[in-house]
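Here are some notes on the pockets and cavities of this model, set out as numbered points for a colleague who will look at the coordinates directly.

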Amino acid sequence: MEITNVMEYEAIAKQKLPKMVFDYYASGAEDQWTLAENRNAFSRILFRPRILIDVSKIDMATTVLGFKISMPIMIAPTAMQKMAHPEGEYATARAASAAGTIMTLSSWATSSVEEVASTGPGIRFFQLYVYKDRNVVAQLVRRAERAGFKAIALTVDTPRLGRREADIKNRFTLPPFLTLKNFEGLDLGKMDMADDSGLASYVAGQIDRTLSWKDVEWLQTITKLPILVKGVLTAEDTRLSIQAGAAGIIVSNHGARQLDYVPSTIMALEEVVKAAQGRVPVFLDGGVRRGTDVFKALALGASGIFIGRPVVFSLASEGETGVRKVLQMLREEFELTMALSGCRSLKEITRAHIVADWDHPRNRLAPRL
């Protein structure tokens with residue numbers, strides 16, 4: 001059966017993967033309300049298309065932190081990709097490079113920064129978890145820098161791991177034949193079996209709960225790479241991120257895997273964009289499955305979006321070919337959405353091209369200052 005959209009890969013991945021692995025990728029925190037909301041919120045934004053505009057030529061190219069990419073669709077960090085497919089992060093890196101876009105490698109990848117760099121050219125960012133042992137962090141950042149990674153995406157929403165009940169039921173742990181490759185030589189590459197989730201126990205033992213704004217500043221003393229703060233949902237934290245020297249912000253709720261009942265990222269986006277006042281670019285991840293979603297995010301002020309689960313599901317289904325297809329389908333859908341909305345370049349996509357249900361006063365929550 002021919003695959004015609006990104007969502008169809010999830011069912012194929014579910015058939016192919018062991019239950020423990022699929023559930024790890026697919027699930028969210030607790031009631032999974034935010035998991036559903038990340039998708040549902042997009043359907044509460046409608047288009048105001050403009051007609052009779054010459055859309056024979058459409059330019060989707062953009063720059064992110066000065067790097068030119070073919071489209072504003074990038075790859076988010078997702079952990080342990082060799083659980084999905086033997087080639088794991090290698091396949092994802094090659095697919096991103098072929099599509100002319102950015103891949104973000106997870107700290108908890110099953111391939112190291114050096115291995116991913118060895119796949120060939122490409123613009124790559126490195127997602128960072130801050131470990132209790134700051135020497136580990138410094139070493140990791142230096143390795144990413146040496147391997148040619150161009151930015152650090154600092155995850156700030158995980159002082160503790162969210163409660164993911166499927167992982168508790170399945171006693172989730174990294175399969176024995178895999179390691180967290182970036183930590184292999186540091187004796188932090190293996191995950192023990194636990195009475196609940198092996199990952200939750202690993203995080204409790206290794207990840208620093210004292211992480212604060214001063215650490216964002218410390219990070220800038222050990223690297224010249226720009227730092228994207230990943231996990232911002234409010235105006236207050238947007239302003240503090242900029243004060244702390246962030247080069248950009250990723251509006252993210254960690255794929256709805258951390259705190260349940262936070263808003264969808266598409267609903268939080270506008271508040272963050274307004275607070276940033278154009279001082280730094282704002283990106284979004286969470287729930288993007290269609291080219292229409294990409295357009296909506298850009299209309300609300302995002303400079304680009306990142307996709308996570310579609311990558312691991314397509315990787316599980318068809319390896320590198322699957323990831324390439326996901327990027328191609330989203331690209332084609334986004335291009336079509338632009339054409340049918342009357343936009344020939346990203347700068348022509350404006351807030352006037354959409355109407356959100358919260359634009360109507362009766363739907364408005366108390367105004368946020």
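By class, how many nonpolar, polar and charged residues does the lining of the second largest pocket have?

1. The model is a predicted one, and in it the lining of the second largest pocket divides into 13 nonpolar, 10 polar and 3 charged residues. This pocket holds about 480 Å³ of space, and among its 26 lining residues those closest to the centre are V156, D157, T158, P159 and G231.

2. Three elements, α9 (213-222), β8 (227-232) and α10 (235-243), each contribute at least two residues to the lining of the second largest pocket, and β8 has the largest share, with 3 residues.

3. Turning to enclosed space, the structure has 2 cavities of 30 Å³ or more, and the largest cavity has a volume of about 400 Å³. Its lining is made up of 27 residues, with P77, T78, H254, G255 and R257 nearest the centre, while α2 (19-26), β11 (304-307) and α13 (309-341) are the elements that give two or more residues to that lining.

4. In the largest cavity, α13 gives the most to the lining, namely 3 residues, and the lining as a whole comprises 12 nonpolar, 9 polar and 6 charged residues.

5. The second largest cavity, with about 40 Å³ of space, is lined by V6, M7, Y9, E10, R289, P310 and F313, and the elements that supply two or more of these residues are α1 (8-16) and α13. By class, this lining has 5 nonpolar and 2 charged residues, and no polar ones.

Note on methods:
Residues numbered from 1 in each chain as written. Predicted model: local features only at pLDDT ≥ 70, side-chain atom pairs only at ≥ 80, totals over all residues. Heavy atoms only, no water. 1 Å grid on protein atoms, 1.4 Å probe; cavity = no way out; pocket = protein on both sides within 12 Å on 5 of 7 lines; lining within 4 Å. Points joined across faces, edges and corners; volume = space filled by probe spheres on them. Helix = DSSP H or I, 4+ residues; strand = E, 2+ residues; numbered from the N terminus. Nonpolar A, V, L, I, M, F, W, Y, C, P; charged D, E, K, R; others polar.
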